[in-house]
Amino acid sequence: LLGWSRGGQIGYAYLNNETQIPGGFRNVAGFIPVDIYLKTDDAGLRQLACDRLPLEQAQLAGGTFSSQNGVLISTLGYLALTAPDDLVPPPLNGLFPAGYTNRNAALTVGAATFALANPVPLYHFTGGVFDAEFKPVDLLYTDDLAFLSFETTASPFQPFKELVDADITTCDNPALGDVTWDDNLADIEVPVLYVGAGGGFGEYGIYTTTLLGSTDVTTHVVSLVPPAARLFDFGHADLFLAGDAPALVWQPILDWLQAH
């Protein structure tokens, strides 16, 4: 079972629940969480999840059942492909600095994702190139047209409760909320390969693997620059989109699968 990003969190939850049924009825013989954490030993990141929870829970109680981020991303990708040099139209222009073109805005989603969401420091989908005004103008590892096309395929619907439950798990404070699908992590004993991106969740995703009962845990974090240059490192989506992804990511995954 391989799960990328939120899919990795869902994978942890699935395995957590599989520990409670007899072995002969289980489906997963190995798990590959890709660039994500479920829990963290970083107090700052844990507190950020706790800080988000009250507003998220209020939104859920008020009838917000889906995230619209996918609509925003797909719209930006479409505009960048069809009118790259036009200025970002209203009301989307309120999300970006003055003078941003559709292409600049769409590349911001990739190279400066942390400006929109920042689960770890300088989190980004794709390593990027910036001009003197820190405006994203190109990508380092992934073909820009490939990434813009990828943006257009963003799902228009993401269950909002998924985001709330994930923050409940990361916050790890029962007074603010509790879930059951992280209660049996220590009982997960299947072989695990954690794959991370130095500019994505990277090293931050390793901690969750230490909470498992598995004695066969391998980690593979693709990092191409020193820590001080994290902004320019291999990104969350570079793992699948970059030109070097077959050699840097897919081959190591295949090697692990064949060894197991």
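**Exercise 1. Find Leu122 in this predicted model and say which loop holds it.**

Solution. Start with the elements on either side: Leu122 sits in the loop that runs between H4 and strand E4 (128-130). Next, check the backbone. Leu122 isn't a glycine, yet its phi is positive, at about 55 degrees. That's worth a second look, as most residues other than glycine have a negative phi. Last, the surface: with a relative accessible area of 34%, Leu122 counts as partly exposed.

**Exercise 2. Now do Phe134: what is its phi, and where does it lie?**

Solution. Phi first: about 65 degrees, so positive, although Phe134 is not a glycine. As for its place, go to the loop between E4 and strand E5 (136-139). Phe134 has a relative accessible area of 40%, and because the partly exposed class runs between 20% and 50%, that's where it goes.

**Exercise 3. Is the peptide bond from Pro90 to Pro91 cis or trans?**

Solution. Look at omega: it is near 0 degrees, and the bond is cis. Keep in mind that most peptide bonds are trans. To place it, note that Pro91 belongs to the loop between helix H3 (69-82) and helix H4 (102-111).

**Exercise 4. Work out how strand E7 (residues 192-197) is enclosed, and what it pairs with.**

Solution. Step one, count: six of the six residues in E7 are buried, so the rest of the structure largely encloses this strand. Step two, split the strand by face. In a regular strand, side chains alternate between the two faces of the sheet. Here one side has Val192, Tyr194 and Gly196, the other has Leu193, Val195 and Ala197, and all of them are buried, which leaves both faces covered. Step three, find the partner: E7 runs parallel to E8, with six bridges between them. For a landmark in that pairing, take Val195, which stands opposite His220 in E8.

**Exercise 5. Is Asn16 buried or exposed, and which residues is it in contact with beyond its sequence neighbours?**

Solution. Asn16 is part of helix H1 (residues 6-18). Its relative accessible area is 0%, so it's buried. Now skip the neighbours within four places in sequence and list the contacts that remain: Thr180, Trp181, Asp182, Asp183, Asn184, Leu185 and Ile188.

**Exercise 6. Where is Pro227, and how far is it from Leu87?**

Solution. Pro227 is in the loop between strand E8 (217-222) and helix H8 (238-241). At 76% relative accessible area, Pro227 is exposed. Measure C-alpha to C-alpha and Leu87 turns up 34 Å away, with the two positions 140 residues apart in sequence.

**Exercise 7. Zoom out: what radius of gyration does the protein chain have, and what would a compact globule have?**

Solution. For 260 residues, a compact globule would come out near 18 Å; the chain has 19 Å, which agrees. Its C-alpha trace spans about 60 × 45 × 35 Å along the principal axes. The chain folds with nine helices and eight strands, and 46% of its residues are buried. Now turn to contacts with a separation of 6 or more: 72% of them join residues 24 or more positions apart.

**Exercise 8. Which atoms make up 59% of the accessible surface, and how many side chains are positive and negative?**

Solution. Carbon and sulfur atoms hold that 59%, out of a total of about 12,200 Å². For charge, there are 9 positive and 29 negative side chains, and the centres of the two sets are 5 Å apart.

How values were computed: Residues are numbered from 1 along each chain as its sequence is written. This is a predicted model: local features need pLDDT of at least 70, side-chain atom pairs count only at pLDDT 80 or more; totals for chains, interfaces and linings use all residues. Side-chain values use heavy atoms; hydrogens and water are left out. Helices (H or I, at least four residues) and strands (E, at least two) are DSSP runs, numbered from the N terminus. The radius of gyration is taken over C-alpha atoms; the globule rule is 2.2 Å times the number of residues to the power 0.38. Buried means under 20% relative accessible area, exposed over 50%, partly exposed in between (1.4 Å probe, protein chains only). Contact means heavy atoms within 4.5 Å. Accessible areas come from the Shrake-Rupley method with a 1.4 Å probe; for residues, only the protein chains shown count as cover. Lys and Arg count as positive and Asp and Glu as negative; His and the chain ends are not counted. The place of a charge is taken as NZ of Lys, CZ of Arg, CG of Asp or CD of Glu. Two strands pair if DSSP finds at least two bridges between them.
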